[in-house]
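Reader: Could you take me through one part of this model in detail? I would like to know what surrounds it and how its residues are placed.

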Amino acid sequence: MSSQLLTFFLLLSAVAIPVVTSYRQWCMPLPTATDKQLQANIDYVCGGQNVDCTPIQPGGSCYEPNNVRDHASYAMNAYYHSHGRIESACKFAKTGCFVFVDPSHGSCVYYT
């Protein structure tokens, strides 16, 4: 393979890989986020941010497991996606981060 062709492929991969990766990312809580911080995130997102939080309500597809971390994961990701998937929509007072593995489980499907 010529050096020019190799350079072209390297440049193409440097541009294409981040674009492809950024398309399939989810906003999740940092492992260090406390339940209090996560509950504040849920309250913010589900309290008037035009985000559908019914999946984390009793009987909803993402209600189980019934804990703050799982509910915050769904709510934070829903907020991120409903606000244009911009980086600042996953900050949540420094409690949000991006993951690149789909957190969906069972009937609980996260926005992509």
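Author: Happy to; here is a close look at helix 3 and its surroundings.

This is a predicted model, in which local features need pLDDT of at least 70 and side-chain atom pairs count only at pLDDT 80 or more, while totals for chains, interfaces and linings use all residues. Residues are numbered from 1 along each chain as its sequence is written, and side-chain values use heavy atoms, with hydrogens and water left out. Helices (H or I, at least four residues) and strands (E, at least two) are DSSP runs, numbered from the N terminus.

Let's begin with the length. Helix 3 has 15 residues, which at 1.5 Å a residue should span 21 Å, and its end C-alpha atoms are indeed 21 Å apart. The expected span here is 1.5 Å times one less than the number of residues.

Both ends have a local detail. At the start, a side-chain oxygen of N67 comes to within 3.2 Å of the backbone nitrogen of R69; a polar contact is a pair of N or O atoms within 3.5 Å, where within protein one must be able to donate a hydrogen and the other to accept it, and residues adjacent in sequence count only if both atoms are side-chain atoms. Just after the helix, G84 has a positive phi of about 80 degrees.

Now to the surroundings. Helix 3 is largely enclosed by the rest of the structure, because eleven of its 15 residues are buried (under 20% relative accessible area; exposed is over 50% and partly exposed lies in between, with a 1.4 Å probe and protein chains only). Among them are H71, Y74, M76, N77 and H81. The packing partners of these buried residues are strand 1, helix 2 and strand 2, where contact means heavy atoms within 4.5 Å.

Helix 2 gives the view from the other side. Its buried residues are L38, N41, I42 and V45. Seen down the axis of helix 2, they fall within an arc of 100 degrees, so they line one face of the helix; the arc is that of the directions from the helix axis to the C-beta atoms. Strand 1 (26–29) and helix 3 (68–82) are included in what covers them.

One loop residue ties into this picture. T95 sits in the loop between helix 3 and strand 2, and T95 counts as buried because its relative accessibility is 3%. Leaving aside neighbours within four places in sequence, T95 is in contact with M28, P29, L30, A33, Q37, N41 and M76.
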